[in-house]
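Student: I'd like to learn how to read the empty spaces and the strands in a protein model. Can we go through one together?

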Amino acid sequence: MKFAFFDTKPYDIPSFEKYGKENDITFKFYETHLNEDTVGLARGCDGICVFVNDTVNAEIIDELCSLGVKMIALRCAGYNNVDLEYAKNKLRIARVPAYSPYAVAEHTMALLLTSVRRVHKAYIRTRDFNFSLNGMTGFDLHGKTVGVVGTGKIGRVFIDICRGFGMNVIAYDKFSDENSGIEYVGLNELFSRSDIISFHCPLTEETYHMINSETIEQLKTGVVLLNTSRGAIIDAEALLEGIKSRKIGAACLDVYEEEADFFFNDFSGHIIDDDVLARLISMPNVIVTSHQAFLTDEALDNIAETTVQNITAFRDGTTTGNEL
Ligand code: NAI
């Protein structure tokens, strides 16, 4: 089988080549995103392999079908970029539901610790032989209340990590698991009680702009917001206002609403066209990483292995349970 692989990065290639070779699947690697202009690259392929910022809308689905493409293999967990309803009965779609919840949960804690203990500032200071501690005072995580929105695979690993720090964990999930030993509360209560809030729910119509100018009013002054889920869960402009008004104490973002235009690419030396992103990044209490929470050796290997299993199951007329 032949698959067009969009949005290729150098770190994708070794693991996909390895598992592809073992299973007679050839990947044609393209650096470009999948969009209306590039969909033609899938000509002659049985399927395409896409990532979080590739667009799979109705127009592209129609074009893929006319090219004879039969499968879309998502090499990610989230699928908010795919028009699933439109694709129904036209194409087989499978995703990688879990590749390393530890990677994302550990990155979330790395961001929190970096922010709270000013590690990002200290790193720059000491490289310049500036050993002053002024402005570096943090706070203990021990005893603080963390509100976790979404208690699926990643949320639960993050909860375990937080408990290891002696934090008090409360959570909200649309489908709460009452036997999990997790203290579930309503979303409003979570917003008003939490010193730190971390998002681990999917982006859906319900979670879109869950943090907006109104909900920000409900938050504790000085709250730390962590988003390693999907950018549009937080209204970025409202977040910026919340930072400027000092209501929000800090924000750690691995995802951003308009990230597709920037993340994963090198724009150093360019003038960034997104004023909200530029202003957020300029804030001393905002840390941005460019959707790298998943990026560990273990996760990359699992992503390639599961994606190839999804493709071989399609080829062999079976299923893996990862179909959407
Ligand atoms: P999961 O499917 O195991 O858990 C998601 C949880 O969110 C479930 O418990 C579900 O019931 C809950 N949920 C659904 N709708 C909700 C709502 N309206 N309000 C509150 N909770 C709701 O997913 P997993 O693997 O834990 O991933 C979570 C999210 O993390 C993904 O949807 C994806 O967007 C993001 N992600 C980010 C990565 C990164 O590199 N930054 C990598 C992998 C995933």
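Student: How much space lies in the second largest pocket?

Tutor: Here's the general idea: rolling a probe the size of a water molecule over the atoms shows where empty space is left. Keep in mind that this is a predicted model. In this case, the second largest pocket holds about 510 Å³ of space.

Student: Which residues lie nearest the centre of that pocket?

Tutor: Its lining has 21 residues, and N53, N80, N81, L203 and E257 are the ones nearest the centre. Sorted by class, that lining has 6 nonpolar, 8 polar and 7 charged residues.

Student: And what about the largest pocket, how many residues line it?

Tutor: There you'll find 41 lining residues, with H200, C201, P202, L203 and S229 nearest the centre. The space in the largest pocket comes to about 1100 Å³. Its lining divides into 21 nonpolar, 13 polar and 7 charged residues.

Student: Which helices should I look at around the largest pocket?

Tutor: Try α4 (101-116) and α6 (153-164), since each supplies at least two residues of the lining. The largest share comes from α6, with 3 residues.

Student: How many cavities of 30 Å³ or more are there?

Tutor: A cavity is a space where the probe fits but cannot get out, while a pocket is open. The count here is 2 cavities of 30 Å³ or more. The largest cavity has a volume of about 80 Å³, and its lining includes D7, K9, Y11 and D12. By class, that lining has 6 nonpolar residues, no polar ones and 4 charged ones.

Student: What lines the second largest cavity?

Tutor: Among its lining residues are G231, I234, A236 and E257. This cavity has a volume of about 40 Å³, and its lining is made of 7 nonpolar, 1 polar and 1 charged.

Student: Now the strands. In which sense do β1 and β2 pair?

Tutor: As a general idea, in a regular strand the side chains alternate between the two faces of the sheet. Here, β1 (residues 2-5) and β2 (residues 26-29) pair in the parallel sense, over 4 bridges. One bridge to spot is F5 in β1 with its partner F29 in β2. Between the two strands the chain passes through helix α1 (residues 13-22), making a right-handed β-α-β crossover.

Student: Which residue in β3 is the bridge partner of F3?

Tutor: That's G47. Strand β3 (residues 47-50) runs parallel to β1, and 3 bridges join them.

Methods:
Residues are numbered from 1 along each chain as its sequence is written. This is a predicted model: local features need pLDDT of at least 70, side-chain atom pairs count only at pLDDT 80 or more; totals for chains, interfaces and linings use all residues. Side-chain values use heavy atoms; hydrogens and water are left out. On a 1 Å grid over the protein atoms alone, a cavity is a set of points where a 1.4 Å probe fits but cannot get out, and a pocket is an open set with protein on both sides within 12 Å along at least five of seven lines; lining residues have an atom within 4 Å of a point. Grid points are joined across faces, edges and corners, and a volume is the space filled by probe spheres set on the points. Ala, Val, Leu, Ile, Met, Phe, Trp, Tyr, Cys and Pro count as nonpolar, Asp, Glu, Lys and Arg as charged, and the others, Gly among them, as polar. Two strands pair if DSSP finds at least two bridges between them. A crossover is right-handed if, with the strands pointing away from the viewer, the path from the first strand over the helix to the second runs clockwise.
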